[in-house]
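User: Could you take a close look at one helix of this model for me, and then walk me outward from there through the parts around it? I would like residue-level detail wherever you can give it.

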Amino acid sequence: MAINVQTAIEIISNLTLDLNFEIVPIENATSRICAEEIFATSFLPKFNNSAMDGYAIIYEDMNNELKIIDTIFAGDNNDKLLEKDSCIKIMTGAKIPENSTAIIPKEDVEELNDNKIKILKNVKECQHIRYIGEDIKQNELLINIGDEINFSKITLLASQGISYIKVYKKPKIVVFASGEELKLHYEKVESFQIYNSNTPTFIARTKELGCEVTFIGQAKDSIEAIKELINNSLDANLIITSGGVSVGDADFTKEAFNALDFETLFDGIDVKPGKPTVFGKIKNTYILNLPGNPLASALIFEMFGKILIQKLLGEKNIYPNYILGKLKESFFTKKGKTTIIPGFFDGEYFEVSQKKSPGMVSVLNSCNSMICIDNEVEKLEKDSLIKILPINWKFFSDIKKDFLTHE
């Protein structure tokens, strides 16, 4: 029995996974998911330092002529203190004298003949001083479990002298094809045959999402041939295939899975397009069997498969997020079933794709997003505020949100 969209998402998001990890250099950690809490090992700045090239002074002496008694360069371990009516020439990043309470930029002073300076502008107490720990506190949580590592997090790691990080291993995905009427793009096709576009789509998409992907071939239309491919794939985290799960006489995929003690988590989603979607597991390997129609399978993967990938990656942000935009033109649909509609979002308006038949392959090439319309909606007016789900980039939240567009 088909389940609704929210129940399907609940089943996927509530999976309990035992993910493995590895240790990698921080330079190789981009786009990986952190598998440990990382705390600051030291304050940043580590010491009070100058934000400018200029002069360190005692704030109360600002109206006096100040004698230059020393120079401190960045990297110097100089503990000299300021005296009454004195200053120390200092460079950006250099440790300031312990009793300094302001830094005067060099362009704001007049240099006098007797190795003295006079301040030309008003001074604020503590100006241009970077104080210890104002950026990062020692033992502050910098990166959490489930955070994706990007350039800015690598900046944090390097600032703390951390060279290696524990990350979750990339999920192992296996993709195979079935159906003798389909030919792979490098094979010769007869006039009564078509190319298989679904399998290359899943391979490319899961690679884009950060997985290790293996293609193990195309099975002949028999239960035994499909069982052989399944058995060969049970070392993977996830098997993705499409077709063979409806009620046709030549749909052997479901029978092959069931012959191998397939545990069904759901069989069918009450959504258009893509109702014949099956999700389950054999032992520790999950199986996502998508519809055979190319657009339907791609949209279902974007809606549900990406949530599953987020879980397998170890991401803490797994729930679909959305951007609020406006509908470019009025749109009509039938009540009774949640509907996924592809389109193009220009930053303000969402334009529904003119082509959206489930069997089409060209649609998503010109689309960058989709909307998911609630089953009670019959019409959306032009300029309606709608919830837009990205396709060409990941956009997830750790908070479950209602992403359905309502009237």
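Analyst: In helix α4, which spans residues 223–231, the buried residues are A225, I226, K227, L229 and I230. Please keep in mind that this is a predicted model. The cover over those buried residues of α4 includes strands β13, β16 and β17, together with helix α5 (253–258) and strand β20 (278–282).

Several of these elements turn up again around helix α3, residues 198–208. Here N198, T199, F202, I203, R205 and T206 are buried. Among the elements covering the buried residues of α3 are β13 (172–178), β16 (212–219), β17, β21 (285–290) and α6. Just beyond the helix, α3 is followed by G210, which has a positive phi near 100°.

A good place to see how α3 and β17 meet is S242. This serine sits in strand β17, residues 238–242. Is S242 buried or exposed? With a relative accessibility of 12%, S242 counts as buried, because the cut-off for that class is under 20%. The side chain of S242 makes a polar contact of 3.2 Å with the side chain of N198. N198 is itself one of the buried residues of α3. Setting aside neighbours within four places in sequence, S242 is in contact with S178, N198, F202, N289, L290 and P291. Of these, F202 also belongs to the buried set of α3.

From α3 you can step on to α6, since that helix is part of the cover just described. Helix α6 (residues 294–313) also packs with helix α1 (residues 5–13), at an angle of about 15° and with the axes 9 Å apart. That angle makes α1 roughly parallel to α6. The crossing of α1 past α6 is right-handed. On the α1 side the contact is made by V5, A8, I9, I12 and S13, and on the α6 side by M303, F304, I307, L308 and K311. By character, the residues of this contact split into 8 nonpolar, 1 polar and 1 charged.

Now for the loops, where a few backbone details deserve your attention. As background, most residues other than glycine have a negative phi, and most peptide bonds are trans.

The loop between β1 (21–25) and β2 holds R32. R32 has a relative accessibility of 10%, so it counts as buried. A polar contact of 2.5 Å links the side chain of R32 to that of E22. Not counting residues up to four places away in sequence, R32 touches E22, V24, D147, E148, I149, V167, Y168, K169 and K170. S31 lies in the loop between β1 and β2 as well. Its phi is positive, near 75°, in a residue other than glycine. S31 is partly exposed, at a relative accessible area of 46%.

Further along, the loop between β2 (38–39) and β3 (49–50) contains L44. A cis peptide bond, with omega of about -5°, joins L44 and P45. P45 is placed in the loop between β2 and β3 too. L44 counts as partly exposed, with 23% relative accessibility. Leaving out neighbours within four places in sequence, L44 is in contact with G133, E134, D135, I136, S159 and Q160. The C-alpha atoms of L44 and R130 are separated by 9.4 Å, although these residues are 86 residues apart along the chain.

Another positive phi appears at H128, where the value is near 60° in a residue other than glycine. You will find H128 in the loop between β9 (116–119) and β10 (129–130). H128 is partly exposed, its relative accessible area being 31%.

One more cis peptide bond brings us back towards the starting point: K272 and P273 are joined by it, with omega of about -5°. P273 is in the loop between β19 (271–272) and β20. β20 is also among the elements that cover the buried residues of α4, which is where your close look began.

Definitions and conventions:
Residues numbered from 1 in each chain as written. Predicted model: local features only at pLDDT ≥ 70, side-chain atom pairs only at ≥ 80, totals over all residues. Heavy atoms only, no water. Axes fitted to C-alpha atoms, helices over the stretch in contact; angles between N-to-C directions. Helix = DSSP H or I, 4+ residues; strand = E, 2+ residues; numbered from the N terminus. Parallel < 35°, antiparallel > 145°, perpendicular 65-115°, else oblique. Left-handed = near helix turned anticlockwise from the far one by under 90°. Contact = heavy atoms within 4.5 Å. Nonpolar A, V, L, I, M, F, W, Y, C, P; charged D, E, K, R; others polar. Buried < 20%, exposed > 50% of the residue type's maximum accessible area, 1.4 Å probe, protein only. Polar contact = N/O pair within 3.5 Å; in protein donor to acceptor, adjacent residues only side chain to side chain.
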